Amino acid sequence: MNSPALLLAATLFALSLGAASLSNVAGTGNAGSDGDGGPAIRATLDNPFGVVRGPDRALWFADYAAHVVRRIAPDGTIATVFGREAGLEHPHEIRFDRDGSLFIADTDHHVVRRVDARTRAVTTFAGTGKPGYSGDGGPAGQAQFRMPISIQFAPSGDLYIADIGNHAIRRVDAKSLIVATVAGIGTAGPTPDGSPIRGTALNGPRSLDFDAEGNLWLVTREGNQLLRLDLAKGVVHIAAGTGRKGLAGDGGPAREASLNGPKGIAVGPDGGVYLADTENHVVRRFDPRRGTIERVAGTGERGDGPVGNPLSARLSRPHGVFVEADGSVLIGDSESHRIRVVTAPRAK
């Protein structure tokens with residue numbers, strides 16, 4: 001049974017979404033890679049995945065099936081920035097470091113690329129290009145990864161990598177560029193609540209982000225859960241998901257909810273954790289203060305829109321999610337071949 005307090009919180013959140021609006025930012029709904037130099041809304045995209053706001057205030061995203069990184073300028077025009085010459089292979093996520101250099105999870109090449117902020121030179125930052133699991137304790141460029149799929153910088157500046165093919169989280173030290181495994185044991189397995197981070201298995205670590213306190217948040221694709229890794233104490237906590245596939249639990253305790261193949265995550269400025277619950281075709285929000293989960297967009301039925309009420313709009317296997325400073329939620333709605341945005345005032 002949900003407590004009155006939880007039901008009230010759910011009602012307030014639903015009311016706050018009552019004025020929400022979902023609109024399209026980029027893409028026509030058709031798969032392709034055309035439209036550079038023109039309005040992003042009239043361009044074709046091909047499975048947009050990771051979406052981020054760059055230091056230049058442009059919107060950047062990994063156009064997964066086109067094997068490129070594209071940029072939407074503040075005036076709404078789109079351009080392909082990297083990939084065609086650099087030879088990316090199914091890039092999943094992109095991030096920027098403190099200096100404005102771009103990092104790309106070049107997943108099927110088993111490496112992480114770096115694009116220098118000043119020269120735009122593309123180099124391999126981590127990985128040899130040969131799939132494997134080796135190199136801990138040595139230079140990142142000599143280590144082997146197996147499908148590095150998600151990347152994010154910690155407050156320390158270290159780069160964390162979801163090495164999904166090895167069911168591990170690995171870290172590249174910002175100063176020494178030495179690689180270490182910080183979570184996972186190299187093979188898939190359950191992650192019990194309260195277990196030590198080191199020596200405990202992960203099951204498909206798919207996407208990660210950090211909160212303001214330095215906690216590492218992680219969604220597991222095959223584990224169907226949201227995890228919080230308290231790096232300071234060395235303990236992992238289950239935040240959401242029973243581990244069973246499904247779409248249930250909105251408005252109630254997140255630990256009792258079911259997820260289905262989540263593949264994107266973003267910590268918002270309010271501390272809320274947003275999930276691209278991919279195989280459920282929805283975006284959801286976990287409230288760390290209340291321990292509850294809510295629907296942000298999607299009906300649970302696969303489809304393409306319409307624009308308007310986000311809870312009445314169908315999504316199609318969303319992979320990317322990013323939360324703006326004003327609380328707007330950007331969605332890489334992958335198989336609708338669009339980038340969408342949900343804007344709404346939040347309950348205080």
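## Enclosed space

A cavity is a set of grid points where a 1.4 Å probe fits but cannot get out. In this predicted model, the count comes to 2 cavities of 30 Å³ or more. The largest cavity holds about 80 Å³ of space.

Its lining is made of G50, V51, V52, E93, I94, R95, S207, G264, I265, H319, G320 and V321. Strand 2, strand 6, strand 18 and strand 22 each give at least two residues to that lining. By class, the lining of the largest cavity has 5 nonpolar, 5 polar and 2 charged residues.

## The largest pocket

The largest pocket contains about 460 Å³ of space. Its lining counts 22 residues. R95, Q152, D209, F322 and V323 lie nearest the pocket centre. R95 also appears in the lining of the largest cavity.

Six elements give two or more residues each to the pocket lining: strand 2 (48-53), strand 6 (91-96), strand 10 (148-153), strand 14 (205-210), strand 18 (264-267) and strand 22 (320-323). The lining residues divide into 13 nonpolar, 3 polar and 6 charged.

## A four-stranded sheet

Strand 10 also belongs to an open sheet of 4 strands. The order is 10-11-12-13, and the pairing is antiparallel. Strand 10 and strand 13 (179-183) each have a single partner strand, so one side of each has no neighbour in the sheet. Neighbouring strands are turned by 30° against each other on average, direction ignored.

Within this sheet, strand 11 (residues 159-163) and strand 12 (residues 168-172) run antiparallel and are joined by 5 bridges. A162 stands opposite I169 of strand 12. In general, strands of a sheet pair through backbone hydrogen bonds.

## The strand 14 hairpin

Strand 14 is mostly covered, with 6 of its 6 residues buried. Strand 14 pairs with strand 15 (residues 216-220) in the antiparallel sense, over 5 bridges. One bridge sets F210 against L216 in strand 15.

The two strands form a hairpin with 5 residues between them. In the turn, G214 has a positive phi of about 90°.

## F103 and its contacts

F103 sits in strand 7 (residues 102-106). Is F103 buried or exposed? F103 is buried: its relative accessible area is 3%, and the cut-off for buried is under 20%.

Beyond its neighbours within four places in sequence, F103 contacts E93, I94, R95, D97, V112, R113, R114, F125, I151, F153 and L159. E93, I94 and R95 are also among the residues that line the largest cavity. T28 is 75 residues from F103 along the chain, and the two C-alpha atoms are 27 Å apart.

## Unusual backbone geometry

Most residues other than glycine have a negative phi, and most peptide bonds are trans. Which residues depart from this pattern? N47 has a positive phi, near 65°, and is not a glycine. N47 lies in the loop between strand 1 (21-26) and strand 2. N47 is buried, at a relative accessible area of 12%.

R317 is not a glycine either, and its phi is positive at about 50°. R317 is found in the loop between strand 21 and strand 22. R317 is buried too, with a relative accessible area of 18%. P306 is also in the loop between strand 21 (292-297) and strand 22. The peptide bond joining G305 and P306 is cis, with omega about 10°.

How values were computed. Residues numbered from 1 in each chain as written. Predicted model: local features only at pLDDT ≥ 70, side-chain atom pairs only at ≥ 80, totals over all residues. Heavy atoms only, no water. 1 Å grid on protein atoms, 1.4 Å probe; cavity = no way out; pocket = protein on both sides within 12 Å on 5 of 7 lines; lining within 4 Å. Points joined across faces, edges and corners; volume = space filled by probe spheres on them. Nonpolar A, V, L, I, M, F, W, Y, C, P; charged D, E, K, R; others polar. Pairing = 2+ DSSP bridges. Axes fitted to C-alpha atoms, helices over the stretch in contact; angles between N-to-C directions. Buried < 20%, exposed > 50% of the residue type's maximum accessible area, 1.4 Å probe, protein only. Contact = heavy atoms within 4.5 Å.
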